[in-house]
Structure formats: C-alpha cells, structure tokens
Amino acid sequence: MKLWSMKLRPMKIVVLILAVMALWLNEAYAKPNVSVIRIGEHPDKTRLVLELSEAPNYRVFLLPNPYRVVIDLPELDWTVPENRIPDGRGVIEALRFGLFAAGTSRVVLDLKQPALVKSVFVLPPKDGRPHRLVVDVEPVSVAAFNAAPQDRLAVSSKQPLRVAQPAIPADVAPKAAGDARPTIVIDPGHGGVDPGSTSVTGLVEKKLALDYAKELKRQLEASGRFRVVLTRDRDVFLALRDRIEIAHQAKGNLFVSLHANNHKSRKIKGFSVYTLSEKSSDAEARNLATKENKADIIAGFDLSEQTEVVRDILIDLAQRESKNQGNQFATTVIDEVGQVAGLLGNPHRYAGFAVLKSPTIPSVLIEIGYLSNKTEEKRLRDPGYRKKLMSALARSIGSYFEENQTFNRY
Ligand SMILES: [Zn+2]
C-alpha cells in the first residue's frame, strides 16, 4: 500500500504538470473566435458587427475598382454557422471572410457604391454579449470618394495589427542533388478569403480543389516517378502571381491548376482543360478566364501596390515552346480523363488565364466539373470518383513525360 502511494505520487505530479501545461498552451495558442456577424442598415450608414472572444487589433481600408472595404484582423477561428452568415444590406452587396496569410484573417465587403469609413471601434463585453468590433461605412459620391482624406480611407487600432502578406511557403524543399525526376506543381485554385464558386448545397470550390490536389499529389508520389509541390496545402489565400512564383522556385516542369466551374444553366456539366491563349477559343472560355483572374480582387488584394500581375512576356520564345507543350499535355489529359469521366463539349479550350502565364513551365488549368449541376456536384463530392479522376490525370502526366523527354530546363 505504502509502496503504491510512493510510486503514484510522482506520477500524479507529472500528470498535474502536464495538465497545467496543456491549459497554458491552449490559452497561449488558441485563436480568438468570431461567433456572430451582423449587418445593419441605418439612414446614414451601414454597420458591420463581429462578435469576438477577444478585443482584436484591426486595420480597415477601402479599395476602388470595384469598391470594397477590407478588414484585416489577427488569425481567427470562424464559428459562425453557414446559415447565419448575413446577406448584403445597405451599401454592402456581399461579404467574404477567411485566412489571408498566416497570422492574418480578412473580411472583404463588396460595396454597391463608393463609401467612406465613418467610424471603427471595439465594444467591451456587456449584457451577455462578448467583445464587438463595429465598422460603420457611409455611402458617398465618386467625387467625395476621390477627394477623401486618408483617415476616411484607412483606419487602424491604437495597437497596430501585424499584417502578414500572402507569401510563398518557405517549406518548398529544394530538389535533392541527383534527383532527376520531373517536378509537378499542383495549384489548388482559390483559398482563404477567396472561396471561388459555391454549390447550392454549400460545397466550396477552394475546398474541393484542395482535396483533389492532395489526392493527385498522393498518387503521383506513390508512383515514385515525380517530385510534387503544392502551391498551397491549406485554406489560405494565395495571389495569382505567387502561384507562378512558387512554380518557378520549385523548378516545376509542369503546372496544373485545379478548379471547379459554375454555370447559369444548371444542365451544363463535364470536365474541361484550358491552356493559355490571348485569343479565347469562345466567349464561355473568355468569361471563365475573366472570372478566375479576379481572384486577387475578390480577396481584397491591393493590386495598385503591385507591378503588373504577370509580366508581359508572351512573345518570348520560351513561352511559345512551353505553350506547345501545355497544349500537348492537355490533349493527353482529355484522352485519359475521357475514359473515366464526362467531358464538356470541346473539352480543350484556350483563354488568357493569369496563372498560366509562366514563360518556361508548360501550364494547364483544369475545371474538374460544374458545381452548378446537381448530378456532377454529387459525383465531385464522392471520394471514389475523386480517386478515379485523379488517377486518370496522374496517368496522363505519366504518359506526357514518357513522350516528352525535353522537360529538364533547369
Ligand atoms: Zn476557380
């Protein structure tokens, strides 16, 4: 008996210390949480309220073309139920939120017209309500927007928010010396504050693209024939330019961007693959490229701070070659995928997609199917179908590199 208690005591102490450490770690690393989002319409302003578990530091600013309010916050957990996310009201047309960069969450409000920041403040907990961040914006004329002083266009908390910029992941491991395998860069479309398309049942393109990308990576790696790099491996925003930059840093030999499409007509369905051309093959492809190229705008990414999104190097000889190779790969993809999945009419199309503008890496953008079609949406959710579709794509990658031994440009 005595021996038991002698033995137990140190163990109890260890357990106690572990429990305290777990609590402390949880406290230290738990992200603040947003549980409620409200939009209120007032005669002179539109009010956005976020209910948070902590008083946040913030940065709020306005962007023109199109008019948007961007609210940057520390990285947050969003626990607002899907059916409690408010629709646009007042001057606010629509609202999005999500991870912008590691450490920074972002809310983007699309505006129906120009507006200015009226006030931004945080209310302390009261009457059972937690901390509340209140952002008031007031509609103004275009002239008033253009003449507005800086403090009506951008407001920050007293304690400055450390705003992280979307960055190329530092963990793209360099290719090992002597590794002669081709590098495949898989680019899951959208992410974080840019959700992409959404189906009626709430299936979101950014999540679907990531699931398919991970499955393709798994299969390619299992073959042992390829080195595989993902442009993003979690739900975070990534600028279009950075997707290409990652492909270059990784010394990619093939770039595959994965997306899911949407159409007004719910009947439209099928798999399609796009390669770069300044002349779109049809109006549909052109509209799609316009939509996909807007990802940075959707995420409230301030393009005025950037030089050109993608440098204009289209006439470069190297690009002409990589474009031919991209076209060749697209043909192989259609051949393989056509055996396991339904194809869109004219499944290989051309348009000016920003992510395909790498001068040296053969690039394709794949729309795996339509979220707007009920049957296809259901199929896209199915892990069995995902496996089958990605194994067809992996096979096409395999045969492309068998036919094309000139990949090694680096
Ligand atoms: Zn997309």
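Which helices and strand each supply at least two residues of the lining of the largest cavity? Here are some notes that answer this and go on to the sheet, the zinc ion and the largest pocket.

1. First, the ground rules. This is a predicted model, in which local features need pLDDT of at least 70 and side-chain atom pairs count only at pLDDT 80 or more, while totals for chains, interfaces and linings use all residues. Residues are numbered from 1 along each chain as its sequence is written, and side-chain values use heavy atoms, with hydrogens and water left out.

2. On the opening question: helix H5 (240-249), strand S13 (254-261) and helix H6 (283-293) each give at least two residues to the lining of the largest cavity. Helices (H or I, at least four residues) and strands (E, at least two) are DSSP runs, numbered from the N terminus. A cavity is a set of points on a 1 Å grid over the protein atoms alone where a 1.4 Å probe fits but cannot get out, and lining residues have an atom within 4 Å of a point.

3. The largest cavity holds about 70 Å³ of space; a volume is the space filled by probe spheres set on the grid points, which are joined across faces, edges and corners. Its lining has 14 residues, with Leu240, His259, Glu292, Ala295 and Val355 nearest the centre. By type, the lining comprises five nonpolar, five polar and four charged residues (Ala, Val, Leu, Ile, Met, Phe, Trp, Tyr, Cys and Pro count as nonpolar, Asp, Glu, Lys and Arg as charged, and the others, Gly among them, as polar).

4. There are three cavities of 30 Å³ or more. The second largest has a volume of about 60 Å³, and helix H8 (residues 317-337) gives the largest share of its lining, four residues. Among the lining residues of this second cavity are Leu276, Lys323 and Pro362.

5. Now the sheet, which is open and has six strands in the order S12-S11-S13-S16-S14-S15, with mixed pairing; two strands pair if DSSP finds at least two bridges between them. Strand S12 (227-230) and strand S15 (343-351) are the edges, each pairing on one side only. From one strand to the next, the twist averages 20°. Strand S14 (residues 271-276) and S15 run parallel, joined by five bridges, and Val273 stands opposite His348 in S15.

6. Two helices from point 2 come back here. H5 packs on the sheet, touching strand S11 (183-188), S12 and S13, and its direction makes about 165° with that of S11. H6 also packs on the sheet, touching S13, S14, S15 and strand S16 (363-370), at about 65° to the direction of S15. Contact means heavy atoms within 4.5 Å; axes are lines fitted to C-alpha atoms, for helices over the stretch in contact, and angles run from 0 to 180 degrees between N-to-C directions.

7. The zinc ion has protein donors from His190 (NE2), Glu205 (OE), His259 (ND1) and Glu292 (OE, listed twice), lying 2.0 to 2.3 Å from the ion. His190 lies in the loop between S11 and helix H4 (205-223) and His259 in strand S13, so this pair ties together parts 69 residues apart in sequence. Donors are N, O and S atoms within 2.8 Å of the metal (3.2 Å for Na, K and Ca); water is not among the atoms, so sites may look incomplete.

8. Last, the largest pocket offers about 1,200 Å³ of space. A pocket is an open set of points with protein on both sides within 12 Å along at least five of seven lines. Of its 42 lining residues, Phe97, Pro195, Thr198, Val204 and Lys206 lie nearest the centre. The lining divides into 15 nonpolar, nine polar and 18 charged residues.
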